[in-house]
Amino acid sequence: MIVQIYTAQSAREALALAEVGVDHVGLTPAKLGLPGEIDEDTGAEAVRALRGKAVSVALSVSSDLDEIVRMTTRVQPDILHLCGEPGAVPPSAVASLRRRLPDSKIMQAIAVTGPAAVDTARAYADVSDLLILDSHTDEVAGVGAAGVVHDWDISAQIVASVGIPVILAGGLSPENVAAAIATVRPWGVDSLTLTNRALPGGGFEKDLARVAEFVTNARATRVPA
């Protein structure tokens, strides 16, 4: 079971996540007020630090392909995570990005807001390397960072109907990750909000003890045959 954790805010924190067993370390290079966002120089430093230790993932909520290419070229993540507003970057645009960014895999976020998400996921599966199934809220730009669970039965339908790896996100914690895996049977699981520790005055850092518990519980879960 692949474990992906968002969001590291420094190279040091990224390495700390890798040391407790995280496979994919998520970064948020942006200037939009997104949770845990960092500047592109810090993102690039974290990517360099993670090489040989964990897979680096950098997200973008932009719908401007040139802007996405510029950020990805600057930060150089192993995986580009496209999580803009639903439909803002259609499958044809994702295909274009794959041609323009041959050194980064593309992971497309799917907002699981109802049964229509299954057909949406199938369309993006044809042009993406991975999918991430997440929740959507009007409180945060793009898909994800909502801290709430969506309908796992729909996510399970998506996993069963696409032929590429799928990561399940959306309100996952050490307490519910085992049940999520048993229901959805994803390739990987992701956590942001519920593995954070709040800091005085706002902001957060990763709670490494909760991250380690998330990793342990995810890896210990037996998926029914």
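## A closed parallel barrel and its helices

Helix α2 (residues 40–50) is largely enclosed by the rest of the structure, because eight of its eleven residues are buried. Buried means under 20% relative accessible area, exposed means over 50%, and partly exposed lies in between (1.4 Å probe, protein chains only). Helices (H or I, at least four residues) and strands (E, at least two) are DSSP runs, numbered from the N terminus.

This is a predicted model, in which local features need pLDDT of at least 70, side-chain atom pairs count only at pLDDT 80 or more, and totals for chains, interfaces and linings use all residues. Residues are numbered from 1 along each chain as its sequence is written, and side-chain values use heavy atoms, with hydrogens and water left out.

**Helix α2 and its surroundings**

The buried residues of α2 are E40, T42, G43, A44, A46, V47, A49 and L50. They pack against α1 (11–19), β2 (24–27), β3 (55–60) and α3 (65–75). Contact here means heavy atoms within 4.5 Å.

Both ends of α2 have a local feature. At its start, a side-chain oxygen of D39 reaches to within 3.2 Å of the backbone nitrogen of D41. After the helix comes G52, with a positive phi near 85°.

**Two helix crossings**

The axes of α1 and α2 come within 8 Å and cross at roughly 35°. The crossing of α1 past α2 is right-handed. On the α1 side, the contact is made by A11, A14, L15 and A18. On the α2 side, it is made by E45, A46, A49 and L50. These residues divide into seven nonpolar, no polar and one charged.

The axes of α3 and helix α4 (residues 91–100) come within 11 Å and cross at roughly 35°. α3 also passes α4 in a right-handed crossing. L65, D66, I68 and V69 of α3 meet A93, S96, L97 and R100 of α4. Here the division is five nonpolar, one polar and two charged.

Three terms apply to these crossings. Axes are lines fitted to C-alpha atoms, for helices over the stretch in contact, and angles run from 0 to 180 degrees between N-to-C directions. A crossing is right-handed if the near helix is turned clockwise from the far one by less than a right angle, and left-handed if anticlockwise. Ala, Val, Leu, Ile, Met, Phe, Trp, Tyr, Cys and Pro count as nonpolar, Asp, Glu, Lys and Arg as charged, and the others, Gly among them, as polar.

**The barrel**

Eight strands close into a barrel. Their order is β1-β2-β3-β4-β5-β6-β7-β8, and the pairing is parallel. The twist averages 25° from one strand to the next. Strands pair if DSSP finds at least two bridges between them.

Strand β7 (residues 166–168) runs parallel to strand β8 (residues 188–191), and two bridges join them. I167 of β7 stands opposite G188 in β8. Helix α6 (residues 152–161) lies across β6 (130–134) and β7. It runs at about 170° to β6.

**T195 and D207**

T195 sits in the loop between β8 and β9 (196–198). It counts as buried because its relative accessibility is 0%. Its side chain makes a polar contact with the side chain of S191 (3.1 Å). A polar contact is a pair of N or O atoms within 3.5 Å; within protein, one must be able to donate a hydrogen and the other to accept it, and residues adjacent in sequence count only if both atoms are side-chain atoms. Leaving aside neighbours within four places in sequence, T195 is in contact with I5, P174, K206, D207, R210, V211 and F214.

D207 lies in the loop between β10 (204–206) and α8 (208–220). D207 is buried, with a relative accessible area of 13%. With neighbours within four places in sequence left aside, D207 is in contact with T195, N196 and R197. The C-alpha atoms of D207 and R197 are separated by 5.1 Å, although the two residues are ten apart along the chain.

**Backbone features in loops**

A cis peptide bond joins Y6 and T7, with omega about -10°. T7 is in the loop between β1 (2–5) and α1. Q76 and R185 each have a positive phi although neither is a glycine.

| Residue | Phi | Loop | Relative accessible area |
|---|---|---|---|
| Q76 | about 60° | between α3 and β4 (79–82) | 35%, partly exposed |
| R185 | about 60° | between α7 (177–184) and β8 | 40%, partly exposed |
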